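Please load the model in the viewer and keep the selection panel at hand. The tour below proceeds by selection, from pockets to ligand.

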Amino acid sequence: MPKEIILVTGSSGLIGNELVPALIKKYGQENVIASDLNEPTNYSCKSVAIDITRPEVISKTVGDYHITTVYHLAGLLSAGSEENPDLGWRINFGGLKNILDVAKENKLKVFWPSSIAAFGPTTPQKNTPQHTILEPTTIYGIAKVSGELMCQYYFNKYGVDVRSLRYPGIIGWRGKAGAGTTEYSIHMLNAALSSGKYDCFLKKDTLLPMMYIDDTIRGTIELMEAPADKIKVRTAYNFSAISFTPEQLTKEIQKHLEISVKYEPDFRQKIADTWPESIDDSAARADWHWQPTYDLEKLVEIMLKQLGTIAKQEVRAQ
Ligand code: AKB
């Protein structure tokens, strides 16, 4: 089998911070290249700076390092995109288009995350089906739906082996939370360990699909390693684990630590209101055997443990 050499874009983000070490463990540090807008400095593999809006930079990196596979994570999340729609579109859709063009020229295999943001207010909110109405009202969601269709187009027309998942809210501890909406959960967990107080920008009963990062990383690599003929969905697979509200998360945290939460919904509530409450991911389960393992109880326990360890290390380093 030809050697696989993997480029990860957006390596410094929440997911990149977990995916890069997982890929290094699996494929060896000599076969992984980490990249972000600023060159990452924290990985044992080679790192480079890539501005995803500059196709010539992507092309040069792919040529220089003989890249065969790209995990394209670079993006601007929902709230950040809503604050700067032009930038959101340029990074989220433009960046993907640049990656797909380089993939076409160089026969690369590509992973790109779509999101539950691809759905909108007219989508059935409970147990949202794989194939359903996609009429998002955020610029982030519009870029995700357009991106999904572009992935399918590049697969059908040019044979680019591009695979995608509609990520729910991802909860991890190694990287910093981005400018998203489901990221309230990570801020709340951090607040429980620091001040014990949190002002939540969503209403307490906002039910959203969520997932612990270890499930995300495993599912993402499993999708990429599945035989091509098992991948029947070339837009993006529904990808699900659990759903909970801010209030349910607060109650679970309170089993371990004291936290008082005030609810002060802002513009991010409007974004959350257009997203599903729960997702039907039976296509992913049937086609490439997706199976989540973390429930809310396990997620909170491990997040508090890991964030607590980091906080102690930071205090010792001061
Ligand atoms: C966000 O809230 O913007 C992201 C997402 C669900 O895509 N976490």
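**Between the two domains**

Begin by colouring domain 1 (6-171 + 212-238) and domain 2 (181-208 + 241-317) separately; both contribute residues to the lining of the largest pocket, so this pocket lies between them. Please bear in mind that the model is predicted.

**The largest pocket**

Next, select L73, A74, G75, L76 and L77, which lie nearest the centre of the largest pocket among its 44 lining residues. The space in this pocket amounts to about 960 Å³.

Then display the secondary structure elements. At least two lining residues of the largest pocket come from each of β2 (32-36), α4 (85-106), β5 (109-115), α5 (139-158) and β7 (169-171). Which of them should be highlighted for the largest share of the lining? Select β5, which supplies four residues.

Colouring the lining of the largest pocket by residue class gives 20 nonpolar, 19 polar and five charged residues.

**The second largest pocket**

Move now to W173, K176, N190, L307 and I310, the closest to the centre of the second largest pocket out of the 15 residues that line it. The volume here is about 320 Å³. Show α6 (184-193) and α11 (296-317) as ribbons, since each provides at least two residues of this lining. By class, the lining of the second largest pocket consists of seven nonpolar, five polar and three charged residues.

**The ligand**

Select the ligand and, around it, display L77, S78, S115, I116, Y140, G180, T181, T182, E183 and W275. L77 has already appeared on this tour, among the residues nearest the centre of the largest pocket.

Three distances to oxygen atoms of the ligand may then be displayed in turn:

- S115: an N or O atom of its side chain is 2.7 Å from a ligand oxygen atom.
- Y140: a polar atom of its side chain is 2.8 Å from a ligand oxygen atom.
- T181: here a backbone N or O atom is 2.7 Å from a ligand oxygen atom.

How much of the ligand does the protein bury? Taken alone, the ligand exposes 260 Å², and the protein buries 96% of that area. To finish, keep the ligand in view together with S115, Y140 and T181.

Definitions and conventions. Residues numbered from 1 in each chain as written. Predicted model: local features only at pLDDT ≥ 70, side-chain atom pairs only at ≥ 80, totals over all residues. Heavy atoms only, no water. 1 Å grid on protein atoms, 1.4 Å probe; cavity = no way out; pocket = protein on both sides within 12 Å on 5 of 7 lines; lining within 4 Å. Points joined across faces, edges and corners; volume = space filled by probe spheres on them. Nonpolar A, V, L, I, M, F, W, Y, C, P; charged D, E, K, R; others polar. Domains from an automatic or database assignment. Near = heavy atom within 4 Å. Polar contact = N/O pair within 3.5 Å; in protein donor to acceptor, adjacent residues only side chain to side chain. Areas by Shrake-Rupley, 256 points an atom, 1.4 Å probe, with all protein chains shown as cover.
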